[in-house]
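Visitor: Could you walk me through how this protein is packed inside? I'm new to this, so please explain the terms as we go.

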Amino acid sequence: MDELARKVLTGSVRAAARACRMVDEESAGHRELLRALYPRTGRAWLIGVTGNPGAGKSTLVDRLVQHARARGKRVGVVAVDPTSPFSGGAILGDRIRMQQHFEDPEVFIRSVATRGALGGLSRSTLDVARVLDAWGAELVVIETVGVGQDELEVTRAAHTTLIVMAPGLGDEIQAIKAGILECADVFAVNKADRDGADATVRDLELMIALSQEPRARGRGHTAASVRVEPARDGDGWTPEIVKCVATRDQGISELFEKLETHRAWLEETDAGRARRAARTRELFVTMLRDALAREAVATLASAIDDAVARIEERAADPYTAVDELVASFHAR
């Protein structure tokens with residue numbers, strides 16, 4: 001593991017590929033590898049890209065990678081694809097839209113399958129991103145599967161969350177309810193050459209204004225009258241909205257600039273630094289909770305079976321049984 005970690009840190013693409021596979025498959029020694037790499041992580045900027053299916057996320061990611069490379073940045077991409085609930089397989093087709101980067105040694109694209117995990121990510125996504133961070137990627141883009149209103153685990157993994165929307169995909173109000181609205185740092189209204197793009201932007205402006213009313217400027221609460229001033233004073237962040245057409249490379253430069261503005265806010269303001277610290281704490285608590293749950297289930301395996309049998313026979317209720325098992329685990 002020490003030798004593999006050393007090769008990853010020297011920028012070896014082959015070593016990074018092997019490390020990503022070990023981490024994704026949770027092969028023997030993968031935790032030791034992650035421990036060895038972790039001190040050299042934290043330099044990459046993680047952008048999470050999510051949104052409704054069909055919004056053009058993969059094409060947009062391809063364009064963002066292109067612009068990052070034009071600025072001389074080494075880039076990693078973690079593309080999450082859905083897993084079949086029947087066969088357990090995955091097509092991993094997001095790579096197809098990024099073929100122009102395959103021969104670029106400064107771009108590393110890793111596809112991972114959800115393998116039953118909810119929230120738009122796989123269980124290994126963040127660890128794979130950390131491998132790419134240690135490999136030397138200055139920017140790591142995490143592209144989720146198409147998600148709904150509350151499947152937004154990417155907000156915990158990424159520093160900046162980009163939500164991609166497109167006109168004509170259905171009820172726009174449903175698409176911008178609190179689950180998505182509260183998590184977005186930047187909105188990209190892709191396929192803006194279609195009818196309805198301006199209406200989508202107005203709906204977003206209205207919802208943002210209503211959610212941050214003290215900073216909204218306007219006499220009424222109509223989409224046409226409300227104008228939102230992006231926060232730059234460190235008190236908070238108002239989501240930015242950019243219209244673009246990824247297939248034509250239109251609006252991508254402006255979108256990249258808005259993303260970089262958010263990164264600067266994270267790094268240069270007290271509110272931004274507090275948000276990054278809260279993110280680190282939340283990630284750690286999640287890891288701790290999962291580890292404790294695995295340990296508790298393994299330790300109480302036979303007691304769990306007995307409790308399930310009693311619950312099935314209606315000899316016990318599940319609420320009391322849970323309390324008893326928690327008390328038993330505490331007493332050990």
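**The core and its helices**

Guide: The largest nonpolar core has 33 residues, and those with the most contacts inside it are Val8, Leu46, Val78, Val131, Val140 and Ile142. Such a core is a set of buried Ala, Val, Leu, Ile, Met, Phe, Trp, Tyr and Cys residues joined through side-chain atoms within 4.5 Å, where buried means under 20% relative accessible area (1.4 Å probe, protein chains only). This is a predicted model, in which local features need pLDDT of at least 70, side-chain atom pairs count only at pLDDT 80 or more, and totals for chains, interfaces and linings use all residues. Residues are numbered from 1 along each chain as its sequence is written, and side-chain values use heavy atoms, leaving out hydrogens and water.

Visitor: Which element gives the most to this core?

Guide: That is H5, with seven residues; helices (H or I, at least four residues) are DSSP runs, numbered from the N terminus.

Visitor: And what is Val131 in contact with, leaving aside its neighbours within four places in sequence?

Guide: Val131 is in contact (heavy atoms within 4.5 Å) with Val8, Ala16, Ala19, Cys20, Val23, Leu34 and Leu37.

Visitor: New topic: which residues are buried in helix H3?

Guide: In H3, which spans residues 30–37, the buried ones are His30, Leu33, Leu34 and Leu37. Seen down the axis of H3, these fall within an arc of 95° (taken from the directions from the helix axis to the C-beta atoms), so they line one face of the helix.

Visitor: What covers them?

Guide: The cover includes helix H1 (2–9), helix H2 (13–25) and helix H5 (125–135).

Notes: Buried < 20%, exposed > 50% of the residue type's maximum accessible area, 1.4 Å probe, protein only. Helix = DSSP H or I, 4+ residues; strand = E, 2+ residues; numbered from the N terminus.
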